[in-house]
Amino acid sequence: METARTVLERIIHIAHLHRVLIGKRVDKMGPYAGPWFLVLRYVMEHDGCTQVSLANFLRMTPASVALSTKRLQKAGYLSKEVDEYNLRCNRLHITEEGRELEARYRNEFERLLSDTFAGFEEEELRQFSDYLGRVSSNLGGGRQLSMGEIIDLERQKDEA
């Protein structure tokens with residue numbers, strides 16, 4: 001069991017180190033660069049989406065998303081327009097500045113990804129992924145949980 005404990009400690013260590021390193025890289029890009037990457041990415045892929053659909057995707061409250069999008073709008077990364085058929089509904093659009101920020105963030109993530117797995121062959125990565133998938137299934141009661149399901153589990157813990 002000692003080997004299993006060491007493996008788990010390394011996984012946790014790597015996850016934490018990755019979060020710290022990507023944070024350091026994107027913090028230089030301006031306000032809200034890191035945490036709002038998912039917002040920018042979603043709006044870019046779903047132009048004209050509503051704040052409600054974004055909240056559902058992120059599994060956040062509509063009020064939290066409204067605050068986040070307001071900050072991104074103020075920073076010049078998003079624009080909002082009132083839906084012509086429902087005046088209570090805002091449609092979100094990414095601005096050119098938002099697209100540039102999202103691209104810079106994605107480039108930094110790709111660079112860190114390359115650095116992370118430097119020296120690994122494709123077959124080694126496939127095998128490593130298979131091992132991690134088995135671990136994930138073990139923790140998920142025999143199946144791999146989606147990120148949404150994991151977030152829901154976390155919320156259930158917080159609500160209990």
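# Close-up views of a predicted protein chain

Of the 160 residues in the protein chain, 26% count as buried. The model you are looking at is predicted, and the legends below walk through it view by view.

**View 1. The whole chain is built from 7 helices and 3 strands.** Starting at the N terminus, you can follow the elements in the order α-α-β-α-α-β-β-α-α-α. Taken along the principal axes, the C-alpha atoms fill a box of roughly 60 × 40 × 25 Å. How does the radius of gyration of the protein chain compare with that of a compact globule of 160 residues? The protein chain has 19 Å, whereas such a globule would have a value near 15 Å. Contacts also tell you how the chain folds back on itself: counting those with a separation of 6 or more, 55% join residues 24 or more positions apart.

**View 2. The surface carries both carbon and sulfur atoms and charged side chains.** The accessible surface of the protein chain comes to about 11,500 Å², and carbon and sulfur atoms make up 55% of that area. Next, look for the charges: there are 23 positive and 25 negative side chains in the protein chain. The centres of these two sets lie 5 Å apart.

**View 3. The largest nonpolar core brings together 22 residues.** Those with the most contacts inside this core are V39, L40, V43, L54, L72, L78 and Y105. Which elements give two or more residues to the core? They are the helices α1 (2-27), α2 (37-45), α3 (51-58), α4 (62-74) and α5 (96-116), together with the strand β3 (90-94). Helix α2 gives the most, with 5 residues.

**View 4. Helix α4 holds S68, S64 and K70, one buried, one partly exposed and one exposed.** Let us begin with S68, a residue of helix α4. Is S68 buried or exposed? S68 counts as buried because its relative accessibility is 5%, and the cut-off for buried is under 20%. Leaving aside residues up to four places away in sequence, S68 touches W36 and M60.

S64 also lies in helix α4. Its relative accessible area is 33%, so S64 is partly exposed. From S64 you can look across to Q51, 13 residues apart along the chain, where the two C-alpha atoms are separated by 9.8 Å.

K70 has its place in helix α4 too. With a relative accessible area of 56%, K70 is exposed, because exposed means over 50%. Q51 serves as a landmark here as well: the C-alpha atoms of K70 and Q51 are separated by 11 Å, and the two residues are 19 apart along the chain.

**View 5. R59 sits in the loop between α3 and α4.** What is special about phi of R59? It is near 60°, a positive value in a residue other than glycine. R59 has a relative accessible area of 28%, so it is partly exposed. Keep R59 in mind, as the next view returns to this residue.

**View 6. E149 in helix α7 meets R59 from another part of the chain.** Helix α7 covers residues 147-159, and E149 is found there. Which residues does E149 touch, not counting residues up to four places away in sequence? They are R59, R143 and Q144. Although E149 and R59 are 90 residues apart along the chain, their C-alpha atoms are separated by 9.9 Å. At 27% relative accessibility, E149 counts as partly exposed, because this value falls between the 20% and 50% cut-offs.

**View 7. A103 and R5 are separated by 38 Å.** That separation is between the C-alpha atoms of the two residues, which are 98 residues apart along the chain. A103 lies in helix α5, one of the elements that give two or more residues to the largest nonpolar core. A103 has 25% relative accessibility, so A103 counts as partly exposed.

Terms used
Residues are numbered from 1 along each chain as its sequence is written. This is a predicted model: local features need pLDDT of at least 70, side-chain atom pairs count only at pLDDT 80 or more; totals for chains, interfaces and linings use all residues. Side-chain values use heavy atoms; hydrogens and water are left out. A nonpolar core is a set of buried Ala, Val, Leu, Ile, Met, Phe, Trp, Tyr and Cys residues joined through side-chain atoms within 4.5 Å. Buried means under 20% relative accessible area, exposed over 50%, partly exposed in between (1.4 Å probe, protein chains only). Helices (H or I, at least four residues) and strands (E, at least two) are DSSP runs, numbered from the N terminus. The radius of gyration is taken over C-alpha atoms; the globule rule is 2.2 Å times the number of residues to the power 0.38. Contact means heavy atoms within 4.5 Å. Accessible areas come from the Shrake-Rupley method with a 1.4 Å probe; for residues, only the protein chains shown count as cover. Lys and Arg count as positive and Asp and Glu as negative; His and the chain ends are not counted. The place of a charge is taken as NZ of Lys, CZ of Arg, CG of Asp or CD of Glu.
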